[in-house]
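The following exercises concern the reading of a protein fold from its coordinates. Please examine the sequence and the structure before turning to the solutions.

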Amino acid sequence: MFLTSSGPILRRKQAALDVQDLCGLLTLHWQIGGRTVFKHHFTRIDQVFLVWGWVTACIFVTAQFFPIGWTTQTVLWSALTLAGAVAMTRLAWFWVRIERLRWLIYLWSGLMLAGVAATAYGIFHGVGFLLINLCPLWLMLCAVGYLFMGLGMESRSFLAAALIHGLTALTLVPAWQFLTTALVMSGSLLLFACVQWDMRAPIEPDMLSEEEIAFNQAQQTLRQL
């Protein structure tokens, strides 16, 4: 069972990538005076994590430190969240189709829409219970998403993220709850974008050509060396 696997939960990014990971690959190579300062590649799934990482950081850091009206923030952040859902779908669709994980798009889109709807309802209608629990609400929504990801993808790293988000939701300090939420949510997303997380073994894709399947098999062999 994957929960008893002895392999690492997180490790350095793998270099031998499959077809679905090479599609839309983003490589950043920053140099100063001919010396490499930063070099990293980001698959489209990594890019999804980056998008949501910056979205959540903007939302919760602003709520903690900037005196912007709640109504204005609700409109702005609802639009930003919906834009993030659209970007997620566009970036991840090819990968989730190949990996037969389309349900991930539906899962996270549904959770984000539910969060936006609950937040907007609480603020526009002055529902006290929702207003004082916005951060726990979003942390628990993320915990649910990571839980289903962990179980569906057989990933201990996402199960660990679910546990961290859930525990944070239950132990927030009111004075710093927005900053804490930003650190946990954005920090987890940016971490997943920069490292290799564990998941189930590759499946036999039904959308790739024979040449692409052979290429993926060769890449898998390289990763096992």
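Three exercises with worked solutions follow, all of them on a predicted model.

**Exercise 1. Overall fold**

Determine the secondary-structure make-up of the protein chain and whether the chain is as compact as a globular protein of its length.

*Solution.* Step 1: the protein chain contains nine helices and four strands. Step 2: read from the N terminus, the order of these elements is β-α-β-β-α-α-α-α-α-α-α-β-α. Step 3: the radius of gyration is 19 Å, close to the 17 Å given by the globule rule for 225 residues, so the chain is as compact as a globular protein of that length. Step 4: along the principal axes, the C-alpha atoms fill a box of roughly 60 × 50 × 30 Å. Step 5: among contacts in the protein chain with a separation of 6 or more, 68% join residues 24 or more positions apart.

**Exercise 2. The nonpolar core**

Identify the residues that touch the most other members of the largest nonpolar core, and the elements that give two or more residues to this core.

*Solution.* Step 1: the largest nonpolar core holds 46 residues, and Trp 108 and Tyr 146 touch the most other members. Step 2: two or more core residues come from each of helix H2 (44-65), helix H3 (70-98), helix H4 (103-124), helix H6 (134-152), helix H7 (156-170) and helix H8 (177-194). Step 3: H2 gives the most, namely nine residues. Step 4: beyond residues up to four places away in sequence, Tyr 146 touches Trp 108, Phe 158, Leu 159, Ala 161, Ala 162, His 165, Ser 188, Leu 189 and Phe 192.

**Exercise 3. Two glutamines**

Classify Gln 64 and Gln 31 as buried, partly exposed or exposed, and list their contacts outside the local sequence.

*Solution.* Step 1: Gln 64 lies in helix H2. Its relative accessibility is 19%; buried means under 20%, and Gln 64 therefore counts as buried. Step 2: apart from neighbours within four places in sequence, Gln 64 is in contact with Ala 175, Trp 176, Gln 177, Phe 178 and Leu 179. Step 3: Gln 31 is located in strand E2 (residues 26-32). Gln 31 has a relative accessibility of 48% and therefore counts as partly exposed. Step 4: with neighbours within four places again left aside, Gln 31 is in contact with Thr 36 and Val 37. Step 5: the C-alpha atoms of Gln 31 and Ala 160 are separated by 35 Å, these residues being 129 residues apart along the chain.

Key:
Residues are numbered from 1 along each chain as its sequence is written. This is a predicted model: local features need pLDDT of at least 70, side-chain atom pairs count only at pLDDT 80 or more; totals for chains, interfaces and linings use all residues. Side-chain values use heavy atoms; hydrogens and water are left out. The radius of gyration is taken over C-alpha atoms; the globule rule is 2.2 Å times the number of residues to the power 0.38. Contact means heavy atoms within 4.5 Å. A nonpolar core is a set of buried Ala, Val, Leu, Ile, Met, Phe, Trp, Tyr and Cys residues joined through side-chain atoms within 4.5 Å. Buried means under 20% relative accessible area, exposed over 50%, partly exposed in between (1.4 Å probe, protein chains only).
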